[in-house]
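Trainee: Please take me through one part of this model closely. Start with a single loop residue, then build outward.

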Amino acid sequence: MKKIFLLGLSAILFFNCEKPKERYFVESPEITDFKSNISEYSNGDWESWRAHFSDTAKLYVNSLKSISVSDLENNQKEMLSNFSSYGFQEKGSFVEMVLDNQDKTWVNYWANWHGTLKANGKEIDVPVHITAQYVDGKIAEIYDYFDTSPISTALNEIEDYNAMSMDEKTLTNTINTMVAVWNKNDQDAMKSITVPNLIRNSNGTREVNNQEEYGAMMSNFFTGFPDFKVILENSEIKDNKAIITWRCVGTNTGEFLGNAPTNKKVNVLGMSVWTFNAEGKATQEDAFFDNQIMFNQLGITPPKA
């Protein structure tokens, strides 16, 4: 009787001490398969990409309504035709596999999608999360979530640009060049897109009467803010004028208009109305911004100039 009791106790202890089933993995055949699928997508190898899916796979892309593998392939090909390069970046990516409480196999993937537009070279980054269910070594379901707005906005900008007249395109290109020129403090390049007697009015007051004075004004900003940068927020072309909204950012590590450096950062929003002649060169800038906001950010009250 005692032996039977001990045998029963041993059996209970054996089953109670049995190792729990592993449910989390950082390496598995499914993870390897998923990484291959991502690589083939980035390389445009659609035939190999399709082979990872089951015949009845359901794909949910930012939606509760599923689409087929061929639907996703066609949608991606149409969208990606606008890009000179694209793909998921290895840096910062993460992949794992889990078994849920119903023993279903899921591969989770987080990464940054990076693409470069053919039309203007603009680079776009989109964080993406993908969850894929594997059944018998094939992807049976995918849930793909990401913010579509960066891509949609960029493609809409290209459509708007293509719909412009040649004159509007010329002025748009000049404005983009002007922003790039400002960010490099390239005064020779600025002279190439403006007239010699270039005028600048700041908040209704004449500040600049020619190209040399405009260049000196630019240099004042780069003396005070060596990392000075102009960010183009929005632009609108109407006849021979361009109305642009811009943002200036920088760190005050140098003397600025007679004021000692404060090592503080500025972030100032403003607007300019640029006027162009028949040759497409800028003749006048009317700039509007709140100087007091800038000096308040610097902690200079009142400023010397």
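Mentor: Asn62 is partly exposed, because its relative accessible area is 33% and the partly exposed class runs between 20% and 50%. This is a predicted model, so read every value as computed from it. Asn62 sits in the loop between strand S2 (53-61) and helix H4 (69-80). Its backbone deserves a look. Phi of Asn62 is near 50°, a positive value in a residue that is not glycine.

Asn185 belongs beside it in this account. Asn185 also has a positive phi, about 50°, and is not a glycine. Its place is the loop between helix H6 (166-184) and helix H7 (187-192). Asn185 is partly exposed, with a relative accessible area of 22%. The cut-off for buried is under 20%, so Asn185 falls outside that class.

Now take a third asparagine, Asn259. It lies in the loop between strand S10 (241-251) and S11. Asn259 is buried, at 4% relative accessible area. Check its partner across the sequence. Asn259 and Leu298 are 39 residues apart along the chain, and their C-alpha atoms are separated by 10.0 Å.

Strand S11 leads to the aromatic residues. S11 covers residues 265-276 and holds Trp274. Trp274 counts as buried, at 2% relative accessibility. The search of the whole structure finds 22 aromatic pairs. One of them joins Tyr214 and Trp274: the ring centres are 6.2 Å apart and the planes meet at 55°, so the pair is tilted. Tyr214 lies in helix H8 (residues 211-224) and Trp274 in strand S11, so the pair ties together parts 60 residues apart in sequence. Tyr214 is buried as well, with a relative accessible area of 1%.

A second pair is worth locating. The rings of Phe225 and Phe228 have centres 6.3 Å apart and planes at 50°, so this pair is tilted too. The tilted class takes plane angles that are neither under 30 nor over 60 degrees, which is why 50° and 55° qualify. Phe225 and Phe228 are both buried. Now widen the view. Ring pairs link Trp182, Tyr214, Phe221, Phe222, Phe225, Phe228, Phe256, Trp274 and Phe295 into a cluster. Both pairs described above have their residues in that cluster.

Phe228 also serves as a marker for distance. The C-alpha atoms of Val128 and Phe228 are 100 residues apart along the chain and separated by 32 Å. Val128 is found in strand S5 (residues 123-135). Val128 counts as buried, at 9% relative accessibility. Look at its surroundings. Leaving aside neighbours within four places in sequence, Val128 is in contact with Phe88, Tyr109, Trp110, Ala111, Trp113, Asp144, Tyr145 and Phe146.

Some of those contacts lead into strand S6. S6 spans residues 138-146, and Lys138 lies in it. Lys138 is partly exposed, with a relative accessible area of 35%. Beyond four places in sequence, Lys138 is in contact with Ala51, His52, Phe53, Ser54 and Gln133. Phe53 brings us back to strand S2 (53-61), which borders the Asn62 loop. Lys138 and Glu30 are 108 residues apart in sequence, yet 8.3 Å apart in space, C-alpha to C-alpha.

Now set these parts in the chain. The protein chain has nine helices and 12 strands. Its radius of gyration is 30 Å, well over the 19 Å that the globule rule gives for 305 residues, so the chain is more spread out than a compact globule. The C-alpha trace spans about 110 × 45 × 30 Å along its principal axes.

Burial and contacts complete the picture. Buried residues make up 39% of the 305 residues. Of the contacts with a separation of 6 or more, 55% are accounted for by residues 24 or more positions apart. The chain exposes about 17900 Å², and carbon and sulfur atoms supply 53% of it. Finally, consider charge. There are 28 positive and 41 negative charges, and their mean positions are 6 Å apart.

Technical notes. Residues numbered from 1 in each chain as written. Predicted model: local features only at pLDDT ≥ 70, side-chain atom pairs only at ≥ 80, totals over all residues. Heavy atoms only, no water. Phe/Tyr/Trp six-rings, centres within 6.5 Å; stacked < 30°, edge-to-face > 60°. Helix = DSSP H or I, 4+ residues; strand = E, 2+ residues; numbered from the N terminus. Buried < 20%, exposed > 50% of the residue type's maximum accessible area, 1.4 Å probe, protein only. Rg over C-alpha atoms; globule rule 2.2 N^0.38 Å. Contact = heavy atoms within 4.5 Å. Areas by Shrake-Rupley, 256 points an atom, 1.4 Å probe, with all protein chains shown as cover. Lys, Arg positive; Asp, Glu negative; His and termini not counted. Charge placed at Lys NZ, Arg CZ, Asp CG, Glu CD.
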